[in-house]
Structure formats: structure tokens, C-alpha cells
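Got a few minutes to poke around a fold? Here's one to work through by question and answer.

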Amino acid sequence: HYDVAIVGYGPVGACLANLLGLLDVTTLVLDREGPAYHLPRAVHFDDEVMRILQTVGVADEMAKCVHVNPGMRFVDADGSLLLDWPRPPEVSAQGWHPSYRFHQPDLERLLRTALSRFDCVDVAKRCDVGQIDHDGAGATLHYDHLDSGRQLTATAKYVVGCDGARSFVRDVIGSGLEDYGFHERWLVVDALLKRPKPELGDFSIQHCDAFRPATYVRGTGNRRRWEITVREDEDSDAVATPEGTWRLLERWLTPDEADLERTAVYTFHSMIAERWRKGRVLIAGDAAHQTPPFMGQGLCAGIRDAANLAWKLARCVHRGADDGLLDSYQSERHPHVREYVETALKLGRLINMDDPRQALQAGFPQPDGTAKMTSIAPRLGNGLAAGNRDHAGTLAPQFPLGDGRRLDDASGYQFVLLGDAQMLHAAGLTREAMASAGVHVLPADATSSGGDYLASLPAQAVMIRPDRYILGAARTEAELRALCTAVQDFT
């Protein structure tokens, strides 16, 4: 018997298992496969995801394996710049660079290795879940161990399906899919350069060509990726052959310059599950949403799901929180994901337009003849909030403390109450008093950056959730008490 069973051991399932392990939640991870997939899949994540990996404890090692991404450019069929999306070279307010290129097997290796720290987490590979019976008290999972042929069962208070786009757990929930209308075949090519080819550049390039839209991505080391549209009259199998692939790559690359590591035709979708939870069964990652790749936010969205959900599950398991706390998971995450999906669709239309400059005029500002895009940072949807709610649902920064540590390293995966020392003292909110509610108290004078952040809100205190989003702020003692009462109500 476990507190939580996770179906699926990709990056989202592994990240969720690590976060639950940090919170001492007994967890079973079931996965149909054996070793992690050894070839590239996702290739981008952002500073918020790196911050979550910092919480898990693998960010410093991951930082050795990544390439900092300088940004993305959209060009027309002649190579002229249409839209510039630079990413600042400096570390962001999250404490990390805004954008990274990575090799997914590196991430999976680190997440799986990190799980060995936790006695409360068990991993069972080559286990195919075929049935989940659930009621108000919990769930029973029936699964086959594919190597031995044994039929096994396990029980859990909660089940989370991180089992991909064709999710079995989503079917158990009985959720339909909201279809946003994008379904296109693209050839994904991962190549290993045999020698340097600097003319390809470090920027990701979106080739806005109505006949053959394409994307170039500079990966880690000598890895380079192209995503190229497959036309309606073309056969997927023929396009994915070495001959068909090199024919499409010839404008950038020749066989004597690189080896093909992987070629595959994918149908990119834009869909969000209508229902992310039924009782004690939930879904996350690709099981809950699928987005076109034009913003590189597919994996990011799944990792954010894990960070949003893990602490809520732990509060239900350990502190007797009402299951209604879990209602905020979909209400917060669905609108957040939808904004990324809709922006990706907007960029996808630009890439496919006969006249992309016309699309720019309709959808993007265009000073000086070219357009620039800035990164979006959506607010969470309606969910948990208390005190002064002006900034509730926005992402809090991570600043250095006076002793040189980063905020998240000092606080761990729990609530942080950053406040004016005098107000905290007057309200009797000592570290000891709040620790029992799972709150790390940080007087603002412990870090000048924290004081500056409070002044920018403006507020005397702010409550930051374990997933680093703001629960609410306080400008008065009454609002401060409301914040603390809200956190205690989650127990």
C-alpha cells in the first residue's frame, strides 16, 4: 500500500516522484518500459523548470549538460528576419538563465539517480497497468510484470497518470479532449555533426515558408535538430528514410558533415484534457495537455504540473487536507497551459502563412520593420489565494540570501513567508511557530533583495507557495493573519 502511485516514468513522473520523496510521501512508480529512452525527445526547458530541478536537487549537475539558448528568430523563405525573440544572456529573477537546450536522456538519468535517495519511493519497471479500480477511499492498480508474466496488484490513496499522450489513466478518468485545431505531420531529425559547422548558428530558427515550414534547433554538444513539415501528398515512411531525410536537409547539411541519430515523423497536436481529476485519480504532463513545439513548452508544462501537484498531495496525505485542495490543481494549471498552447498556435500560423508579414501585422508589434517578442509568464488560473490578492498566482523571484545561499536552497519545498521583521515579531510569527504548518519564515532584513521585492509589490509580507507561486501578500496585520490562517487550513 502506498500514499501515491504514479503511472509513467518519463521526466514528469520521475520529477513528481522526487518531489513526493522530499515530502516523505510513500510512492510507487510503475512503468511499462525498462531503461530510459536513449535518444533525444524534448530539447528545451526554461528557468522555472531549472528552478524546480534545483528543488529536486539535480540542477547543478544538469547545468553541466546544457547549452544556454540565446533565443529564436523567425525568417521568411528568403532568409529575411521577420520576428526576433532574444533571450537575455543574464541570469533571470528565477536564479537561472531564461532558456536552455538539453538532451532528454541526461535529464532522465539524473532524475532517476536522485530517486535512490528516498526509501519511501519504489520503482517497478516493465509493469503494464491494465486496470484501476477506485472509490472515495483510494485505488487498486492491477498490472502485469512483463518479464515474469506475473499479475500483481497495489493499492494507493492517490494515482497520478504521467503516461503520455495516449494515457490509459486519462481513459480511467473518462476525460475528453479540448481540440485547438492543430494537427500536422512533421519530420523530426536529430543529427550529430562530424565537425564544427558554425554557420548554422546558436539561435533557433523558424523558417516561415508556406511550401515547407521548418525549424532548426542548436542542441547540446554536436547535436542539431531539424523539424520539417511533411506535406499532405507525402508518405511518412518514405520521408523518414535516410534518402528522404537527406533530401530535405540538403539546404543545411550533407551526409559527409553529420550522422543521423534519429528520424521520426510525429503528428503535433494541440489538445487539453477536459478533466484532470476524478476523485483520487489525476493526470499530468502529456496525459493532460499536448502543445505544438513552436515555444518549446511541452516538457515545461508537465514539470510545472508536478511542482503544483506534489505539495498538495502531501498535504492531503500527511496533514489531512480536504481533497478539495486538489480541485485547485486543474483550475490553476489549465488556463496557464492554455495560454502557452494558444501562443504556440499563433506562432505556428505565422510559420505556415503564405504571407507571414501580414500575420505579423495582425498578431505582433512591428517597430522598425521587424517584430520582437518577449517571453510570456502567465498567471495561474483561479485557485488558492489569501490576504492581498493583487499578485496571487504570479511567480515569485529567487534571490540570494545574506549568507550566500539561494532562497530555494534555504527553504526547501515548502511555504516561505517573507516579511518585515517588525511585523512578523508583532504578529508572533517566529520560525518555530510557523514550522509546524510547513512554513519557512524569512525576515526581509536577511536579504536586501527580499526587502526590495516587498517594496516593489508593495507589501509588508508575502507568502510564497512550495511551487514558488504567490499565495498572497500582506500590507496589514489582518492580511498577514489571513495568509497564515489559509496555510493552516491546508493542513
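Q: In this predicted model, is helix 4 mostly covered or mostly open, and how many of its residues are buried?
A: Helix 4 covers residues 104-115, 12 residues in total. Buried here means under 20% relative accessible area. By that cut-off helix 4 is mostly covered, and the number of buried residues is 10 of 12.

Q: Which elements do those buried residues of helix 4 pack against?
A: The buried set includes Leu107, Leu110, Leu111 and Leu115, along with Asp106, Glu108 and Arg112. Their packing partners are helix 1 (11-22), helix 2 (47-56), helix 3 (59-62), strand 8 (121-124) and helix 8.

Q: Which residues of helix 4 does leucine 53 contact, leaving aside its neighbours within four places in sequence?
A: Leucine 53 is among the residues with the most contacts inside the largest nonpolar core, which has 123 residues. Its contacts beyond those neighbours include Phe45 and Met62. Helix 4 runs over residues 104-115, and the contacts of leucine 53 that fall in that range are Leu107 and Leu111.

Q: Which helix gives the most to the largest nonpolar core?
A: That core has 123 residues, with Phe45, Leu53, Met62 and Leu471 making the most contacts inside it. The top contributor, with 13 residues, is helix 8.

Q: Asparagine 308 sits in helix 8; which side chain does its own side chain make a polar contact with?
A: Asparagine 308 has a relative accessible area of 2%, so it counts as buried. Further along the chain, it touches Tyr329, Glu332, Arg333, Leu380, Arg465 and Asp467. The polar contact, at 2.8 Å, is with the side chain of lysine 312.

How values were computed
Residues numbered from 1 in each chain as written. Predicted model: local features only at pLDDT ≥ 70, side-chain atom pairs only at ≥ 80, totals over all residues. Heavy atoms only, no water. Buried < 20%, exposed > 50% of the residue type's maximum accessible area, 1.4 Å probe, protein only. Polar contact = N/O pair within 3.5 Å; in protein donor to acceptor, adjacent residues only side chain to side chain. Contact = heavy atoms within 4.5 Å. Core = buried A, V, L, I, M, F, W, Y, C linked by side-chain atoms within 4.5 Å. Helix = DSSP H or I, 4+ residues; strand = E, 2+ residues; numbered from the N terminus. Expected span 1.5 Å × (residues − 1).
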